[in-house]
Structure formats: structure tokens, C-alpha cells
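Let's take a look at how aromatic rings meet in this protein. Have the sequence and the 3D view handy as you read.

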Amino acid sequence: MQELKTSIKLAFSVLRSNKTRTILSLLGIVIGVTAVILVLSLGAGLKKFVVDQVESFGTGLFEIEIKTPNVEQASTQNASSIAGGVQITTFKIEDAEEVAKNPVISAWYGGNIGQQIVSYRGRNEQPMIFAVTEGIEKADENFEIVEGEMFTREDDKNLKQVVVLGNEIKEDLFGDSSAVGKSVKIKGQSYKVIGVLKERGGTTFLNFDKMVYVPTRTFHKRIAGIDYIMFAMFKVDNDEDMPFALIQAKEIMRERHDVSSPDEEDFAVLSMAEAAEMLDQIFVVINILLLSLTSVSLVVGGVGITNVMYVAVTERTFEIGLRKAVGAKRSDILKQFLFEAVILTLLGGLGGILIGFTISKIAEYVLAHFGYTLEFPLTLLALVLGVGFSAVTGLVFGLRPAQTASKLSPMEALRKE
């Protein structure tokens, strides 16, 4: 214990001997550990946020969505091509209806997402138009009508010009007055409001309360001028039936789209559980890549620690010779300087943890100001890696100066003084 106290005192003595030099040397450690804390903290927060968005659509669901042929569904090529305007027009409502005949599927809905100006008595809004079939009430457990009713299958087939409003868009257009029974204008045509949804909130990209729901076929013929859907969601009540439902859905889609090779598939079949697992793997890879980049700062900081310890050896040559002269072993000197290097890097690590934690909390506050509720926790893994990285850096980069100090001859050290 006494040796430990002595080592700590000497480590702080090295720090105080040239504060500016030591602090600059530790800056790399502080930056590196701060980056580690931020990568893991922000990564954990974003991962939870994104997974929660996926789960917000409900449990026991799988989705069929359009995909660019010859690329992976989760690839950047697919995302960029769809975002860039590539249109996949082969997914029809009839395809989804055929998949829904599977007895293990209890409910389904399909449709499109677009954007149009919606107006009422001079008030204009440009919400997302969510074109869906009537089954969304059963398939989406978070879909709840609080006023009026949902449109029916007959409304969809007969191209009825009816809408159901999200809670926020209803408030924007009608304020506190009732909206049911009144009409809004979309593309110059009147659409009767038949229902209003319960307040639900939104995801990263979709605000459900700001949406206007219309029958899919009405959207196709009277608004968008198309005859295809972008997605379809299917609900399976029993989790054990999910693998069978996914296999059959893919087989039906391949047969109806005359696809013989997986590369030719212009659709993707994915369960919500698979989507969450895929997101988890993506975040793991991203974290590893970012942690690899942060190691550069730790290496820079380690080089600084080496320089500080070499200077300390030079400045304390007489001390080393004196300790050896009174019986200190080579291993005692080695441990002393290694311990000092670790103490110095741990100080930098603790500083990095504190700064990383502070930045995470500031990020939470800023995002909350813009309406995003995210938490960036200081995880146990982040603490362990932050402290561990700094300690290992001290050991690795303090070893060479410590060996130099331990090899000094007592007579030569005393003579230099």
C-alpha cells in the first residue's frame, strides 16, 4: 500500500514538473477516450431510437417492399436508386391479396406514400399522403380512430373520395372544431373527412399525426395516376408461423413476378424482427469502424506519453541511481515508471469520459429542443473501454521509457548528478 501511495505521489510530481508539456501530451488520450465514449454512447442511443421506430409499427409483422433488382435490399445501391427516382411498378395490390390468403396471416394492408397540398377554407398544408387498404386497423396495433370511422373495402374499390386525418393535421386545418363530415381539397377535388386518428407521434422520417390517409385505389386513380403499391404489411399472430409465412410470401411473389433467380427479385420480404436484427448488426459494424478511427488519437497520445516519460527518466536520473544504490531492484524501477505512465493516461481517460458524457448530455438537450427524444447513456461498456484503452496505452507506450530507467547503472546515474 505504501508503495502504491508513493507511486501515485511521484506520478503527480511528474505531472506538476511541466504542466504544459504533460497536458499537451495527454491531449491525445483525452480526445481518443472522448471519441470512444461518444461513439458508444451516441451509438447506443441511436440504435435504441431506430429500433423503437421499427417496433412502432407493431409486433408480429412482416413486410414486402419494392427493391431494385440485382442489389441487396439493405444496400446503399438500393437506397440510392429508389431515392434517385428509380420506379419499380411491378408490385400490385393483387400480389399482396394473394400473399394474404395464407391462413396464418390475420390482417394486412398495403399502399403508397406521397405528398400533396391539402386545403380547407384557405388553410393550406402539405402533409404526407398515406394511401392504404382498409386492413390497417387490424394489422397496425397503434392505429386507432377517435372520431368517425375508417374507410371500407367497398370505399377503396369504388374509388370513394374520403380521408382519415392524423391528429395534428386535423388541428392544423380545423382547430378545435369537429372535422368529420366536412371536406378538404386535394388536387382541386373534394374529399370527405370520415375519421380522425388518436394522437400517435412519429418516427425519424414519418409523423403519423401529420398524415392524411386515403384509400389506395383512390390514390392510384384520382391523385397519383399509378397502378402499383410500394409496400404491404402482414400480421402473423403466432411467432412460430412467421418462418412459414415468409417462405410462402417469397414463393408467391417469385411466381407472380416470373422470377427464377434471387438476383432478379424486384421485391424484398422482411420481418420486423429481421429488420431489428439487421439494424443491430449495422450498428455493431459502424461502432467497430469508428472505434478503429479513434485509436489514431490514442496512438498520438501514447507517443506523447512516451516523450513525457523519457523526459522524466532524464530529469530523475539521480533519483534512479540513489534508489538502486540503497537496494531498489531493476523490477522496482520498471514498475514505478510503468505505474506512473498508467496513472497519467488514466487521468487523461477520466478527463475524456467526463467530456464525452457532457457532450452526450448537450446533444440530448439540443435534440429535445427540436422535438426528438433521444437518450445517450454512459454505458458500462463505454466506461470499461474508456478506462481500459487509456490504461493499455499507458502500459504499451510507457514500457520503453520504464525499461530505459530500470537499466541505468547506479554509479553512472549518481555521477551524472
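## Rings and their neighbours

This is a predicted model. In it, Arg 200 places its charged end over the ring of Phe 208, at 3.9 Å from the ring's centre.

Now for rings that meet other rings. Searching the whole structure turns up 7 aromatic pairs. To describe such a pair, you give the distance of the centres and the angle of the planes. Here are two of them, including where each ring sits:

| Pair | Arrangement | Centre to centre | Between the planes | Strands | Apart in the chain |
|---|---|---|---|---|---|
| Phe 62 and Phe 234 | stacked | 5.0 Å | 15 degrees | S1 and S11 | 172 residues |
| Phe 130 and Tyr 213 | tilted | 5.3 Å | 40 degrees | S5 and S10 | 83 residues |

Take the stacked pair of Phe 62 and Phe 234. It links distant parts of the chain, with Phe 62 in strand S1 (residues 61-66) and Phe 234 in strand S11 (residues 231-236). Both Phe 62 and Phe 234 are buried.

The tilted pair of Phe 130 and Tyr 213 also links distant parts of the chain: Phe 130 belongs to strand S5 (residues 128-132), and Tyr 213 to strand S10 (residues 211-215). Why do we call Phe 130 buried? Because its relative accessible area is 4%, and the cut-off for buried is under 20%. Tyr 213 counts as buried too, since its relative accessibility is 1%.

Phe 130 and Tyr 213 also have company: together with Tyr 109, Phe 143 and Phe 231, they form one aromatic cluster.

Technical notes
Residues numbered from 1 in each chain as written. Predicted model: local features only at pLDDT ≥ 70, side-chain atom pairs only at ≥ 80, totals over all residues. Heavy atoms only, no water. Phe/Tyr/Trp six-rings, centres within 6.5 Å; stacked < 30°, edge-to-face > 60°. Helix = DSSP H or I, 4+ residues; strand = E, 2+ residues; numbered from the N terminus. Buried < 20%, exposed > 50% of the residue type's maximum accessible area, 1.4 Å probe, protein only. Lys NZ or Arg CZ within 6 Å of the ring centre and 35° of its normal.
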